[in-house]
Amino acid sequence: VDLNQFFAAVEIRDNPALRGKPLIVGGNAIDRGIVTTATYEARRYGISSGMALSEAAKLCPHGVFITPTFHKYADASRRVREILVEFTDRAEMVSIDEACLDVTDVVWGYTSPEALGREIQKRIREQVGITASIGAGANRTVAKMASGMKKPEGFVYLPPSKVMAVYGPMEVSELIGVGRSTTRLLTNLGIRTIGDLANYPVAVLEQHMGKRGRELQQLARGGGRDIVVPSDELPDEKSVSHETTFYQDIKDVEVLKGRLSLLCEKVARRMRAARLAGRVVTIRIRYHGFETYQHQHKYARFLSLESDIFVAACALLDEQYEKGRPVRLIGIGVSELCPMAKQSQQELFGGPSATEKKLAEICDEVRGRYGDHMLEFGTSMLSPRSSNRRSGNSGMGVSPFRFDGMNG
């Protein structure tokens with residue numbers, strides 16, 4: 001179930017005067033943010049999600065630009081989920097505007113899969129005031145592909161007998177899981193359609209792509225995962241990440257590390273609040289031209305302190321960053337999470353000391369009581385600051401701190 005132009009649809013629902021206009025949700029045209037959603041009228045001008053607002057303004061100068069109101073979107077998403085679980089308890093919210101349903105046990109109560117899909121669409125339209133496109137198939141990938149074939153508010157069912165006939169002539173870039181870099185690689189191998197990929201020698205694919213080659217061929221042949229996990233059965237966190245877009249592009253490595261230290265603090269606090277630690281640290285860099293790179297490293301022990309995450313982040317930055325190149329966005333994430341209660345064994349191999357753990361807990365308590373920025377790492381003083389960062393701090397000063405090991 002894919003909610004059509006979701007953010008924009010909610011805004012139009014609440015302000016019908018916006019209907020039929022090239023609406024762009026993301027912020028003002030002069031902001032350095034990105035487009036989160038654009039209506040179909042705006043997409044005719046080449047505007048797409050993830051595009052810079054400034055670029056969207058050039059393509060569609062007469063467009064209507066509005067700032068997102070996320071509490072409204074969260075409420076609409078919640079109401080949609082409440083509708084979906086009335087049809088089946090096997091309903092998984094994949095994102096705020098997308099859900100996957102296992103209707104194997106309930107579809108038999110309807111005259112056809114389409115009858116069930118149309119009833120779901122009707123309920124969403126009448127009770128939430130927005131529309132949804134629905135795809136059905138033998139697994140998640142086929143259903144997801146089908147949901148995008150007739151928009152808005154379309155329904156497409158692809159039974160196994162019809163998958164290859166529909167998939168075959170489609171461009172390989174349209175297959176779920178195939179991005180720009182993978183498309184280039186496949187094109188260099190002479191693979192231009194999903195049908196080409198389905199029939200390509202798997203040994204050659206594995207030679208160039210490893211096991212990923214076999215996995216993509218299975219998807220091209222209509223394969224995919226069919227397990228749907230309800231939200232209440234999902235782990236609380238799969239990964240924890242934070243990122244920031246700079247008001248002005250940054251070239252100074254020390255300034256980038258200053259911002260990383262702030263992001264590492266946020267990530268570490270969320271992890272400690274959830275009693276989690278992780279082994280994989282990932283850094284994300286987006287340059288001035290929107291070229292984005294990710295670089296990660298897996299550690300032998302689990303990390304939960306900002307000092308450890310910061311050291312890892314700086315090492316990744318030194319390896320990945322092209323010095324002197326303007327950076328628009330930087331982010332840090334930790335994945336392969338595990339509950340702290342399961343990690344006592346790792347302390348034998350150089351884990352954080354009791355003093356470091358206690359210091360982190362005290363800092364969390366101070367920030368929770370007096371504000372996030374009452375205590376900071378000294379390196380964060382190098383980070384660019386927003387104009388309102390110090391507002392509302394009751395005149396109290398900021399006390400930078402460090403402890404051995406935070407800079408490696």
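**Exercise 1. Decide whether Tyr321 is buried or exposed in this predicted model.**

Solution.
- Tyr321 has 6% relative accessibility.
- Buried means under 20% relative accessible area.
- Tyr321 therefore counts as buried.

**Exercise 2. Classify the ring pair of Tyr287 and Tyr321, and place both residues.**

Solution.
- The ring centres lie 6.3 Å apart, and the planes are at 20°.
- Planes under 30 degrees apart count as stacked, so this pair is stacked.
- Tyr287 belongs to strand 10 (residues 276–287). Tyr321 sits in the loop between helix 13 (306–320) and strand 12 (327–339).
- The pair therefore ties together parts 34 residues apart in sequence.
- Tyr287 is buried, at a relative accessible area of 0%.
- Tyr287 also carries a charge over its ring: the charged end of Arg325, 4.0 Å from the centre.

**Exercise 3. Work out how enclosed helix 1 is, and find what its buried residues pack against.**

Solution.
- Helix 1 covers residues 6–14, and 7 of its 9 residues are buried. Among them are Phe6, Phe7 and Ile12.
- Helix 1 is therefore largely enclosed by the rest of the structure.
- Its buried residues pack against strands 1, 2, 3 and 4, and against helix 4 (70–87).

**Exercise 4. Show how Phe7 links helix 1 to helix 4.**

Solution.
- The rings of Phe7 and Tyr73 have centres 4.1 Å apart and planes at 10°, so they are stacked.
- Phe7 is in helix 1 and Tyr73 in helix 4, so the pair joins parts 66 residues apart in sequence.
- Both Phe7 and Tyr73 are buried.
- Phe6, Phe7, Phe70 and Tyr73 make up one aromatic cluster.

Technical notes
Residues numbered from 1 in each chain as written. Predicted model: local features only at pLDDT ≥ 70, side-chain atom pairs only at ≥ 80, totals over all residues. Heavy atoms only, no water. Buried < 20%, exposed > 50% of the residue type's maximum accessible area, 1.4 Å probe, protein only. Helix = DSSP H or I, 4+ residues; strand = E, 2+ residues; numbered from the N terminus. Contact = heavy atoms within 4.5 Å. Phe/Tyr/Trp six-rings, centres within 6.5 Å; stacked < 30°, edge-to-face > 60°. Lys NZ or Arg CZ within 6 Å of the ring centre and 35° of its normal.
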